[in-house]
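Trainee: Could you take me through one part of this model up close? I'd like to hear about the sheet where the two chains meet.

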Amino acid sequence: MFVIKHRKIFLIISSVMTIIPIILLFVWGLKPGIDFVGGSILEVSYPDGRPDIKVVQQRIDNLPIGNYSVRPMGENSYVARTKFLNENERVALLNSLSSNGENKIVEEKLNSIGPTIGQELKNKAYVAILLSILFIVLFIAFAFRKVSKPVSSWKYGVVSIMTLAHDILIPTGVFLFLSKFAGAEIDVLFITALLAILGYSINDTIIVFDRIRENLNIRYQHHNSRETFEETIGKSLGQTYGRSFNTSFTTFLTVLALYIFGGSVTQNFALVLMAGVIAGTYSSIFIAAPLLLLISRERTEKK
Amino acid sequence: MWKIRVIALILLIAGIWLGFFLYTSEKNPNSSFHFKLGLDLASGTQLVYKADTSKLESKDVSSSMQALKEVVEKRINVFGVSEPIIQTESGGLGNSDEKRLIVELPGITDINKAVEMIGKTPLLEFKLMNKNYTPTEEEKKNNVISRDAFLDTGLTGRYLKGSQLQFGQKGGFANEPIVSLTFNSDGKDLFAKITKEHIGEVLAIFLDGQPISLPVIQQEIPDGSAQISGKFTADEAKELVRNLNLGALPVAIELVSTNSVGASLGKDILDKGIYAGIIAIIIISLFLILWYRLPGLISVLALGTYIVMMLAIFKLIPVVLTAAGIAGFIMSIGMAVDANILILERMKEEFNENRDNMEEAIKNGFARAWLSIRDSNITSIIIAVVLFWLGTSAVKGFALTFGVGVLISMISAISISRTFLLAILKKNHGGFIKFMFGIGIKN
């Protein structure tokens with residue numbers, strides 16, 4: 001099997017693909033949105049056409065609300081991000097955006113989150129990701145409990161985690177680019193996307209592992225000890241990569257439709273998911289199985 | 001053979017009937033089974049208040065929060081907002097002492113108005129009856145009381161410390177409900193002065209400009225506590241106490257988060273979400289049919305049944321649909337497709353090994369694909385549960401539709417698809433059926 005034969009190349013490629021987002025994380029840093037640090041997002045539309053952004057910015061500069069950003073949105077809207085606004089500050093901001101009533105505005109969306117709630121959400125996000133990973137490993141160790149040779153079942157879990165790390169870091173890298181060049185901020189939806197990727201990636205990995213499990217069982221039943229673990233893995237990969245591709249392809253199409261037609265709210269969500277689906281498919285074929293082999297090798301060589 | 005065909009037919013008819021139900025209940029404006037849309041889709045305002053419970057003893061916290069909820073509910077109901085949702089919540093994760101009040105107001109997009117509605121303290125006033133005022137004929141006829149019939153005393157709910165329901169203890173008052181009032185120190189002085197100067201007169205209690213009680217002053221009351229005894233039932237007295245206490249919220253609240261979505265934006269998000277979903281379903285159906293031929297078509301039918309089942313569940317429970325919730329549902333459709341692909345691929349394998357026994361191939365395909373479907377879907381459900389447990393309302397919406405979707409898809413993939421496929425089998429299948437079952441590229 002091609003993948004197993006050249007596994008070192010693929011593992012190196014994956015390592016590079018994983019290291020880049022980690023470096024970017026340190027260099028650029030993640031920009032937390034108001035969900036996590038608190039603040040206000042106000043979206044207003046101008047039914048009669050929006051004024052020049054500089055005019056709007058000049059007016060807001062005069063307000064005592066500290067740092068803010070105003071970005072154009074769609075054809076005739078602006079989105080303003082500020083600190084957590086109280087009632088008076090909000091009214092003042094609205095007045096600035098409408099040039100004190102000169103430009104007709106419609107308040108499309110206002111989202112204000114206090115700093116304490118933001119901190120709480122942040123903690124929840126960490127716990128959610130860690131708990132999900134923990135439960136998945138435990139479940140996989142349980143589901144593969146009957147195949148403890150030549151690799152013990154919890155190692156399937158460990159390999160899944162390593163694949164998961166890969167599958168989460170790559171979309172995070174994509175998001176870092178979005179955040180650097182398009183002003184995207186980490187919000188609850190992004191965390192949801194990461195967790196959905198966790199689910200998908202593990203699905204793909206399980207399809208491969210399940211086949212390895214089945215082929216190992218067949219091997220023991222037939223006492224066909226001449227087949228090595230390497231060959232079993234290669235055979236299993238050969239039997240599954242077609243369906244791995246098809247399942248991922250349809251999922252990719254679904255998310256692509258969400259990206260193109262789903263509107264602005266879920267657009268970044270869909271883009272991160274697309275990156276995750278690609279990474280997840282790649283990793284289940286090119287990383288999970290080779291890693292499993294690597295782990296089993298180390299054990300046999302030590303013996 | 002015929003048994004399975006009958007079951008398949010019943011399933012198909014049930015699916016069509018469900019689809020019909022979805023359509024008619026949505027079109028019929030009087031139906032009670034409309035989709036419930038979240039605030040981000042239907043437009044409205046969500047307000048989150050932090051309740052200051054630091055001064056309360058821990059045993060009183062939950063009853064105070066309940067009282068707060070009732071007060072706010074009552075205030076909102078006065079304004080006639082349709083289906084407001086008012087809930088109390090504890091801050092999670094090491095922050096569980098923090099109590100919050102979440103208010104969702106569908107259709108209200110003006111935050112000012114919403115905040116006012118809740119933050120507004122009802123006006124409680126004490127007024128003396130004007131002895132010199134004679135009601136006009138018209139007022140008598142319509143039984144209305146003119147504002148001129150009473151004189152302001154300056155004593156309002158601002159001076160009230162609290163109100164309680166008591167029951168009479170002795171003699172003729174036994175078990176008679178009594179509403180007791182306690183004023184703060186300023187109120188005490190003012191009340192003492194009024195009661196001293198106006199013994200025998202009616203001191204009316206007004207709530208939001210309406211007289212709710214007309215007690216007669218019996219004697220001077222210097223200690224800042226008053227009792228209203230009269231001919232009311234225990235329920236009426238309870239109501240009065242609650243109204244009086246409305247003058248002050250039982251717990252001080254502070255606005256910590258607001259979220260409002262305008263009507264046009266919400267509709268836009270909804271339309272686009274539905275559009276994306278339909279496009280995705282069409283593309284996937286085409287792919288399944290072109291790649292897997294007849295079994296692919298069967299899968300599409302099974303998926304269609306799955307989708308109407310899910311939508312019916314959303315209507316019947318009902319599940320409040322949000323943008324994130326719709327995304328979760330679309331993703332669960334993706335998972336359902338995955339399960340079908342796994343089955344079809346496995347069937348293809350079995351079919352290639354033994355071209356003559358298709359029934360065996362179908363049954364084995366399902367049995368062998370089941371393990372990987374089960375394991376992969378269980379991990380998805382684990383994630384959904386974690387998300388639901390920890391998440392905020394938006395994430396909860398995603399987790400609920402995704403989790404329920406995966407669970408139902410797991411069941412439908414192995415039951416509905418299987419029944420449909422076995423139902424179209426013929427004992428003596430010709431080359432055409434074989435071609436129709438020849439799946440994708442030849443291995």
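**The shared sheet**

Mentor: Sure, start with the strand order: an open sheet of 8 strands runs β2(A)-β3(A)-β1(A)-β4(A)-β12(B)-β2(B)-β4(B)-β3(B), with antiparallel pairing. Strands here are DSSP runs of E with at least two residues, helices are runs of H or I with at least four, and both are numbered from the N terminus. Two strands pair if DSSP finds at least two bridges between them. The model is predicted, with local features needing pLDDT of at least 70 and side-chain atom pairs counting only at pLDDT 80 or more, while totals for chains, interfaces and linings use all residues. Residues are numbered from 1 along each chain as its sequence is written, and chains are lettered from A and ligands numbered from 1 in the order in which they are written.

At the edges sit β2 (69–73) of chain A and β3 (85–90) of chain B, each pairing on one side only. From one strand to the next, the twist averages 20 degrees; axes for such angles are lines fitted to C-alpha atoms, for helices over the stretch in contact, and angles run from 0 to 180 degrees between N-to-C directions.

Now for the place where the chains join up. β4(A) and β12(B) (residues 252–261) run antiparallel and are joined by 5 bridges. Look there for Asn111(A), which stands opposite Asn259(B). Further into chain B, β2(B) (residues 44–52) and β4(B) (residues 99–106) pair in the antiparallel sense over 8 bridges, and Tyr49(B) stands opposite Leu101(B).

Helices pack on this sheet too. α5(A) (residues 87–97) touches β1 (39–45), β3 (77–82) and β4 of chain A, and its direction makes about 145 degrees with that of β3(A). Contact means that the C-beta atoms of two residues, placed from the backbone, lie within 7 Å. α6(A) reaches across the chains, touching β4 of chain A as well as β2 and β12 of chain B, and its direction makes about 70 degrees with that of β12(B).

As for the whole contact between the chains, chain A puts in 52 residues and chain B 54. On chain A's side, β4 (106–113), α6 (115–143), α8 (188–221) and α9 (229–261) each supply at least two residues. α6(A) gives the most, with 14 residues. By class, that side has 26 nonpolar, 18 polar and 8 charged residues; Ala, Val, Leu, Ile, Met, Phe, Trp, Tyr, Cys and Pro count as nonpolar, Asp, Glu, Lys and Arg as charged, and the others, Gly among them, as polar.
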